[in-house]
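Please look over the sequence and the fold below before reading on. The report that follows moves from one helix to the whole chain and then to single residues.

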Amino acid sequence: MKYIAVMLSNFYSELSYKLNFITGILNQAISLFLSLFVWLAIFKSTGEQEIAGFTRPDIILYIVLTNLSMMFFSTSEVVRMGSLVRTGKLTNMLLKPYSILGYNLSAYIGQRLIYVIPYMGVLLVFLFKNSNIYYNLAIILFGSINFLMFFLFMQCISNLGFYVVQMWPFSSLMNSIYFLFSGVYFPLNILPSGVYQWMKYNPFSMVGYHFTLAVQEKLDFSSVKELMLVSFLWLLLFYVLYRFTFKRGLKRYEGMGA
């Protein structure tokens with residue numbers, strides 16, 4: 001119940017700052033429309049009916065889904081630990097009877113909940129269109145693993161807050177890397193073969209490019225299972241890395257500002 005209370009508290013906090021929510025939606029909408037205009041111009045100028053296995057309707061849907069996923073998979077978490085360390089609030093949290101990781105996960109879910117609603121609405125439309133229940137369940141499981149994997153990834157980066165005074169530059173950096181490596185601007189298979197093979201299984205591509213292809217039913221069931229395994233392995237790696245960096249960071253923590 002304590003984690004649910006944390007989640008609801010952060011959800012209500014997001015609702016209270018309506019201007020931030022509206023600004024975030026507008027910012028994402030502008031990025032979405034710019035990407036769409038670029039791709040429509042590419043199709044018009046080349047005269048091609050299909051590019052890298054994507055028709056015009058396919059690429060429009062792909063761009064919409066990957067941009068919506070950015071509201072779900074946020075890089076804002078990278079500043080959390082730095083803020084707790086800098087203000088000394090981490091000291092109070094360490095004294096309370098709950099897991100720091102569990103608290104951060106609950107807070108993250110609460111903050112993202114308001115953005116998840118439109119994303120899940122679009123996702124459910126595609127799931128209902130597909131009559132293969134096993135494929136649909138695989139997509140749901142794939143998305144759930146991706147969510148936890150990406151959260152742990154951001155927590156690992158966030159632990160740099162034990163060593164760095166200001167973490168906000170890392171937030172901008174991770175956001176830029178997300179745009180490039182997740183396939184938000186373009187499907188990754190449009191890259192040269194060697195580059196694509198190198199980028200294919202990176203953590204960002206799991207939550208962006210590959211998950212979107214799965215939703216668009218451009219992957220068969222065996223491919224989705226393979227990608228779930230890759231994402232799960234990333235999850236395990238980031239969990240181990242998080243535990244290691246958190247323990248090392250606590251040895252340096254002096255509780256300033258507590």
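What distance should the 17 residues of helix α3 (residues 56–72) span at 1.5 Å a residue, and how far apart are its end C-alpha atoms? The expected span is 24 Å and the end C-alpha atoms lie 25 Å apart, which agrees; the expected figure is 1.5 Å times one less than the number of residues. The buried residues of α3 include I59, Y62, I63 and L65, and among the others are M70, M71 and F72, where buried means under 20% relative accessible area, exposed over 50%, and partly exposed in between, with a 1.4 Å probe and protein chains only.

This is a predicted model, in which local features need pLDDT of at least 70 and side-chain atom pairs count only at pLDDT 80 or more, whereas totals for chains, interfaces and linings use all residues. Residues are numbered from 1 along each chain as its sequence is written, and side-chain values use heavy atoms, with hydrogens and water left out.

The protein contains 11 helices and 2 strands, taken as DSSP runs numbered from the N terminus, with helices being H or I of at least four residues and strands E of at least two. From the N terminus, the order of the elements is α-α-β-β-α-α-α-α-α-α-α-α-α. The radius of gyration is 19 Å, close to the 18 Å given by the globule rule for 258 residues, so the protein is as compact as a globular protein of that length; the radius is taken over C-alpha atoms, and the rule is 2.2 Å times the number of residues to the power 0.38. Along its principal axes, the C-alpha trace spans about 65 × 40 × 35 Å. Buried residues account for 47% of the 258 residues.

In the loop between α3 and α4 (80–87) sits E77, which counts as buried at 2% relative accessibility. Leaving aside neighbours within four places in sequence, E77 is in contact (heavy atoms within 4.5 Å) with N104, Y108, Q111, F151, M154, Q155 and S158.

Two residues other than glycine with positive phi are set out here.

| Residue | Phi | Loop | Relative accessibility |
|---|---|---|---|
| A52 | near 55° | between β1 (50–51) and β2 (54–55) | 33%, partly exposed |
| E217 | about 60° | between α10 (203–215) and α11 (221–252) | 42%, partly exposed |
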